[in-house]
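These exercises walk through one structure, step by step. Try each task before reading its solution.

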Amino acid sequence: MANETVESTATTDRRSVRGRLGLDGEALWGWATVAPVILLYLFVAVTPIAFAIYASLFEVPLLNPDWTFTGLSNYVEVLTMNSFWSSLWLGALFMVGSTVVQLLVGLWIALVLNQLDRGQRFLTAVAFTAYLVPTVIVVLVALFMFDVEVGVLHIAGSTLGLWGERTFALGDQTWAMSLVVLIGSWKFSIFVTIFTLAQLRAIPDRFYEAAKICGASRWEMFRDITLPRITGVLLIAVLLRAVFMFNKFDIIWMLTEGGPAGATTTLPILAYRTAFLHNDYGVANAMAVVMFVFLAIGAYCYFRAFDPTAEVDT
Amino acid sequence: MSTPTETETPSETETEGGTRLSYETRDRLYHLALYGSAALFSAVILFPIYWMVQNAFTDSQTVITEFSWLPSPETVTLDNFSVLAAGAVPRYVINTIVVTAGTIVVVVGVSLVAGYGMARFRFRYKESFAQFLLLGYMFSPIVLGLPLYLIWSEIGLLNAQIGLVIALSSISMPFAVWLMWKYIQTIPESMEESAWIAGASRWRTFWDVVVPQTKPAIVACALFAFAIAWNDFTFAQILLPSQESTTFAPGIMRLIDQGGYTSWGDIMAVSLLMTVPPLLFAYFLQEYLLKGFEVRTR
């Protein structure tokens with residue numbers, strides 16, 4: 001598909017020299033090269049969102065082709081649902097908890113990696129490893145490590161008296177949420193590290209050398225040289241992490257399926273359950289629309305906080 | 001939280017005129033904190049991986065009956081890897097490989113052409129288009145997956161791996177296209193111009209002059225697409241509901257759910273195999289990865 005686009009633009013080129021081309025021809029080529037991207041977006045993003053808004057106005061039993069128009073009643077149902085508000089609260093808890101842990105740990109690892117004189121390359125690879133281990137493997141290893149029979153972390157925790165000897169920690173009301181946050185952060189903190197590390201490495205050494213000559217302490221150098229240069233990138237990382245974690249479905253579902261007793265049922269989990277377990281596709285789409293609104297707010301903040309196009313030569 | 005903060009304590013007491021620590025002591029404390037931190041996070045990251053590897057090579061009966069920190073020679077075995085020879089697991093792994101390969105091809109192809117177009121052609125609304133592209137960061141598989149489920153069951157893409165490839169490629173687009181766009185901007189146009197003067201068509205110039213020079217960006221995009229596809233659970237869980245066509249992540253989770261399939265030895269063995277490709281990339285293509293992120297965040 002992509003190749004044809006370019007080939008057709010190439011034939012146009014042969015007939016007319018580039019210099020003679022008006023803006024129209026060039027614009028046409030430009031749009032032709034990005035057409036596949038637009039098609040993909042239309043197909044996978046725009047249509048589904050429009051469809052979700054449409055479907056959210058109907059009562060849709062998944063296995064039944066008969067839709068009943070119910071207007072906004074799905075939204076009323078969602079907004080009066082206790083489980084919606086509790087999942088929103090749990091989602092906020094999960095989002096804030098994860099973002100804070102990931103920011104602190106990720107920044108800490110980045111600063112340490114940047115300061116090391118020996119073993120830097122090796123340890124950077126170690127850190128990246130965590131980010132590259134697939135989520136499902138993180139989950140499988142976590143389930144194994146918390147296994148009631150032979151799980152190493154289960155045994156460690158029960159020896160320390162954190163949970164009972166026969167208690168599956170991930171199935172325990174008090175522990176499930178914090179453990180899901182921590183297990184997720186094992187992987188995703190490194191996202192912040194990667195983001196920050198690139199920026200840290202771009203700070204010229206002579207800044208620190210000059211500061212050292214002036215007698216600045218390490219803390220002063222961090223505060224006055226390092227921090228101002230990574231604040232921007234940290235903001236972006238925090239915003240992206242918050243948005244991603246608010247919409248996190250995979251790791252929570254695989255670890256707990258929203259349990260025990262709804263203790264980890266965030267909004268994405270609730271929407272999935274509503275669609276595929278309660279067979280209430282219309283209501284699930286109403287929830288998807290609500291999530292999309294949150295995303296749109298996130299996107300708006302993203303563009304306000306940081307105008308990415310301004311930094312590209314066009 | 002950061003390491004420099006930890007070294008702050010001595011210098012603060014110094015300015016307050018209290019106990020004055022010598023430069024050497026402060027330096028030693030700082031290096032202690034620095035290497036202590038490095039050791040701590042390495043341990044936290046490496047222990048689960050060690051645990052997975054150790055148990056992947058341990059006799060599956062021993063894994064569920066005995067607990068030991070170190071592997072013992074009597075119980076070391078390769079038997080767990082036979083999980084890849086039979087049953088449902090090999091099919092899931094192959095499906096994952098197919099979907100990942102497809103995603104990489106689509107992402108690299110589409111982003112290369114789009115990045116080239118955006119770097120070399122002037123057209124109106126290009127900046128708006130680029131901003132629109134970034135909205136893709138906000139696409140979440142769960143928000144898109146729920147409506148896609150019915151749409152694709154209508155048009156017959158449900159349970160088709162090509163459907164999953166399309167979905168995964170779309171969410172990889174913002175990163176891939178931006179990276180290609182920025183990268184191709186750094187390639188001087190004069191080389192292409194001299195190729196045109198020598199009579200090469202635009203297509204030929206693109207293929208023979210531009211593409212070879214974008215190799216680092218292609219590797220970064222391919223890695224990124226690989227990570228997205230290899231990691232995916234949500235889209236596959238929703239869009240590939242049948243056990244036949246599904247990928248590894250939803251497949252193995254359903255196996256565990258349904259049959260109480262908890263032969264941990266087997267699971268750790270296949271987990272190890274699924275982890276090896278990303279690890280190889282982490283070691284050998286670190287520079288490309290960093291470069292990709294650098295271009296994006298700069």
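How far apart do the end C-alpha atoms of residues 283-303 of chain A lie, and how much of the span is helix and how much strand?

Solution. The two end C-alpha atoms are 30 Å apart. Helix makes up 100% of the span and strand 0%. Helices (H or I, at least four residues) and strands (E, at least two) are DSSP runs, numbered from the N terminus. The model is predicted: local features need pLDDT of at least 70, side-chain atom pairs count only at pLDDT 80 or more, and totals for chains, interfaces and linings use all residues. Residues are numbered from 1 along each chain as its sequence is written, while chains are lettered from A and ligands numbered from 1 in the order in which they are written.

**Exercise 2.** Find which residues of chain A UniProt lists under "transmembrane region", then describe the span 175-198.

Solution. Step one: the unreviewed UniProt entry lists residues 28-57, 88-113, 125-146, 175-198, 227-246 and 283-303 of chain A. UniProt positions are given in the numbering used here, feature names are shortened, and such annotations may be inferred rather than shown by experiment. Step two: residues 175-198 of chain A are 96% helix and 0% strand, with 35 Å between the end C-alpha atoms.

**Exercise 3.** Set out the make-up of chain A and of chain B.

Solution. Start with the elements: chain A has 13 helices and 2 strands, and chain B has 15 helices and 0 strands. Next comes burial, where a residue is buried if 20 or more other C-beta atoms lie within 10 Å of its own, exposed if 12 or fewer, and partly exposed in between, with C-beta atoms placed from the backbone. In chain A, 45% of the 314 residues count as buried; in chain B, 45% of the 298 residues do. Last come contacts, meaning pairs of residues whose C-beta atoms, placed from the backbone, lie within 7 Å. Among contacts with a separation of 6 or more, residues 24 or more positions apart account for 68% in chain A and for 77% in chain B.

**Exercise 4.** Where do the domains of each chain meet, and what kinds of residue are there?

Solution. Domain bounds come from an automatic or database domain assignment. Chain A is divided into domain 1 (2-55) and domain 2 (81-311). In chain A, 4 residues of domain 1 are in contact with 6 residues of domain 2. The domain 1 side divides into 4 nonpolar, no polar and no charged residues. Here Ala, Val, Leu, Ile, Met, Phe, Trp, Tyr, Cys and Pro count as nonpolar, Asp, Glu, Lys and Arg as charged, and the others, Gly among them, as polar.

Chain B is divided into domain 1 (3-82) and domain 2 (83-297). In chain B, 12 residues of domain 1 are in contact with 11 residues of domain 2. On the domain 1 side, α3 (23-56) and α4 (60-65) of chain B are the elements that give two or more residues. Of the elements there, α3(B) gives the most, with 4 residues. This side of domain 1 of chain B holds 6 nonpolar, 5 polar and 1 charged.

**Exercise 5.** Work out which residues of helix α7 (residues 152-159) of chain A are buried, and how they are arranged.

Solution. The buried residues of α7 are L153(A), H154(A) and G157(A). Seen down the axis of α7(A), these fall within an arc of 105 degrees, so they line one face of the helix. The arc is that of the directions from the helix axis to the C-beta atoms. The face turned away from the buried side of α7(A) carries the exposed residues A156(A) and T159(A). Among what covers the buried residues of α7(A) is α6 (135-145) of chain A. Just after α7(A), G161(A) takes a positive phi of about 80 degrees.

**Exercise 6.** Why does V60(A) count as buried, and what does it contact?

Solution. V60(A) is in the loop between β1 (58-59) and β2 (68-69) of chain A. V60(A) counts as buried because it has 24 C-beta neighbours inside 10 Å. Leaving aside neighbours within four places in sequence, V60(A) is in contact with A55(A), W67(A), Y281(A) and G282(A).

**Exercise 7.** Describe the contact of chain A with chain B.

Solution. The contact takes 94 residues from chain A and 94 residues from chain B. Helix α2 (residues 23-55) of chain A gives the most to the chain A side, with 19 residues. That side divides into 67 nonpolar, 16 polar and 11 charged residues.

Note on methods:
Two residues are in contact if their C-beta atoms, placed from the backbone, lie within 7 Å.
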